[in-house]
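Hi there,

Here is the structure I promised to pass on to you. My notes on what turned up follow below it.

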Amino acid sequence: MKDFKVSVVGLGKLGSSLSACFASRGYEVLGYDINEANNKNFNKGKPPINETDLDKYFRKYKSKFKSSSLENVILNTNISFIVIPTPSSKNGSFSAKYANDVFSKISKILKKKKDYHLFVLVSTVLPGTSRNILLQKFYDNKVFNFGYCYSPAFIALGQIIKDFLEPDFLLIGQLDKKSGTSLRNFYKSIYKKSMNYRIMSLESAEITKLSVNTYITNKISYANMISEVAQRIPFTNIDDITSAIGSDSRIGNKYLKAGLGFAGPCFPRDNKAISFIGKKIGADTSLALTTEKFNLNLNKNNLKKYLKYFKKREKVAVLGLSYKPNTNSLDESQSLDLSNLLSKNKYKVFCHDKKLNSIDKKPFDKKIVFKKHLKQCIKNSKCIFITKDEQIYRDITPKSLKNKIVIDFWRILKNKKLDKSTTYFSHGDSFNNFETKMNQRNIVKNIES
Ligand SMILES: NC(=O)c1ccc[n+]([C@@H]2O[C@H](COP(=O)([O-])OP(=O)(O)OC[C@H]3O[C@@H](n4cnc5c(N)ncnc54)[C@H](O)[C@@H]3O)[C@@H](O)[C@H]2O)c1
């Protein structure tokens with residue numbers, strides 16, 4: 001298979017970004033989404049989300065996008081990327097209901113098609129889903145002239161385009177050799193430079209996708225666990241420790257930084273999914289469960305340490321709400337959880353995030369107040385929690401932090417010369433520093449009063 005005619009089914013966050021990347025490499029993309037508004041926007045060159053560079057790509061390559069009916073999309077192209085939701089169920093598994101729907105419909109359309117068609121599932125699925133559930137729809141409808149690969153994307157919100165265009169590696173789970181080779185050839189046309197790819201069975205690839213994420217979350221939790229230790233031992237500096245550990249080539253520095261726990265739409269759910277599978281098939285996956293539990297308890301454990309030094313009902317600011325920089329996504333956000341915990345503990349919480357204009361009532365405790373202006377948020381509060389590493393917080397002036405208590409989870413102000421009246425604590429370092437500073441602060445206050 002050489003002359004690729006590309007389509008994308010599911011034009012949400014990933015599907016639209018993937019389309020933009022294909023268009024940037026010269027492909028025309030025929031798209032289909034069950035949501036009519038997404039189809040219309042695709043035709044108009046309007047991205048469905050606020051994502052770094054996506055708007056720029058959509059404007060630039062508008063003429064290469066066209067949406068059509070699912071039937072037209074399948075009949076007029078020969079390689080389709082399927083990027084539909086696979087939401088988590090309560091038991092930790094992923095629901096395949098959207099994928100089932102798409103594959104059922106496609107299997108009927110395929111009956112009208114003579115030429116070979118390659119399907120590439122990008123959505124995250126449980127091991128066994130491709131072969132045992134989705135492809136079964138094709139076999140049930142007696143269609144056989146197709147290829148199939150499972151090729152998930154390793155992307156993070158806020159940098160989807162970059163992650164797509166410069167992947168660490170490409171994962172290809174193949175139904176058969178022809179499918180794998182065809183997809184590899186397609187990727188070669190996208191990634192002109194040397195391309196790191198791995199081809200394997202569908203099931204191995206399905207496991208690999210989950211494993212990458214669960215391994216990374218393990219690494220994040222490991223850094224946070226070491227920080228728990230370091231905080232309780234005098235004279236420690238957590239970044240000295242983790243950067244030394246990471247400099248060992250067997251380990252590496254990426255994702256080995258203590259701070260808040262992991263969050264987002266993928267990391268937490270992939271751990272739950274591995275735990276679910278383990279239970280189902282009798283494999284010991286307790287490591288994933290432990291990582292998950294450790295991460296869930298992190299905020300509570302951190303607050304236990306800090307709050308005993310704060311006055312009851314103190315005014316507290318939480319700076320940064322989305323789960324990571326460069327995105328407005330609140331999925332499983334640790335800062336959101338921290339804000340809610342503070343509010344439930346009767347602290348008066350003000351919060352700020354430059355990526356948000358307001359906060360929906362639903363995930364937030366109703367007493368939490370959103371401040372659009374950073375200055376105001378800081379001014380209103382006595383204690384400041386910096387929960388996101390963003391330039392706007394790096395630029396906070398020493399003057400605005402006079403007389404405040406600052407807990408800096410990512411240690412971004414550590415090297416700034418702050419006013420003597422500011423009680424600053426770089427989270428992760430020896431907690432003695434914080435205790436000493438808070439005790440000094442209270443002694444001074446008692447002497448003054
Ligand atoms: N968002 C992430 O950070 C991320 C990262 C890695 C993997 N993933 C995985 O990628 C998949 C897609 O994620 P997303 O963030 O793009 O989801 P999304 O909800 O933004 O987009 C999915 C799109 O599919 C459409 N859709 C649903 N049913 C359909 C159907 N029957 N036919 C056609 N279109 C249909 C929806 O209308 C929606 O526009 C999920 O499995 C997710 O786990 C997401």
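**Domains**

The centres of domain 1 and domain 2 lie 31 Å apart, taken over C-alpha atoms. This is a predicted model, in which local features need pLDDT of at least 70 and side-chain atom pairs count only at pLDDT 80 or more, while totals for chains, interfaces and linings use all residues. Residues are numbered from 1 along each chain as its sequence is written.

The division of the protein is into domain 1 (6-195), domain 2 (214-295) and domain 3 (298-448), with bounds that come from an automatic or database domain assignment. Between domain 1 and domain 2, 8 residues of the former are in contact with 7 residues of the latter (contact is when the C-beta atoms of two residues, placed from the backbone, lie within 7 Å). The side of domain 1 that touches domain 2 has 4 nonpolar, 4 polar and no charged residues. For these classes, Ala, Val, Leu, Ile, Met, Phe, Trp, Tyr, Cys and Pro count as nonpolar, Asp, Glu, Lys and Arg as charged, and the others, Gly among them, as polar.

**Two sheets**

Helices (H or I, at least four residues) and strands (E, at least two) are DSSP runs, numbered from the N terminus, and two strands pair if DSSP finds at least two bridges between them.

One open sheet has 8 strands in the order 3-2-1-4-5-6-7-8, with mixed pairing. Strand 3 (65-67) and strand 8 (197-201) each have a single partner strand, so one side of each is left without a neighbour in the sheet. From one strand to the next, the twist averages 25 degrees. Strand 6 (residues 146-150) and strand 7 (residues 170-174) run antiparallel and are joined by 2 bridges; Y150 stands opposite G173 in strand 7.

The other open sheet has 6 strands in the order 11-10-9-12-13-14, and here the pairing is parallel. Its edges are strand 11 (369-370) and strand 14 (423-426), each with a single partner strand, so each has one side without a neighbour in the sheet. Strand 13 (residues 405-408) runs parallel to strand 14 and is joined to it by 4 bridges, and D408 faces S426 in strand 14.

**The ligand**

Around the ligand there are 27 residues, the closest being G10, G12, K13, L14 and S123 (a residue counts if its C-beta atom, placed from the backbone, lies within 6 Å). Helix 1 (13-24) and helix 5 (97-110) are the elements that give two or more residues to this shell. Its make-up is 16 nonpolar, 8 polar and 3 charged residues.

**A helix pair**

P268, N271, K272, I274 and S275 in helix 11 meet A288, L289, T291 and E292 in helix 12. By class, this contact has 4 nonpolar, 3 polar and 2 charged residues.

Best wishes

How values were computed
Axes are lines fitted to C-alpha atoms, for helices over the stretch in contact, and angles run from 0 to 180 degrees between N-to-C directions.
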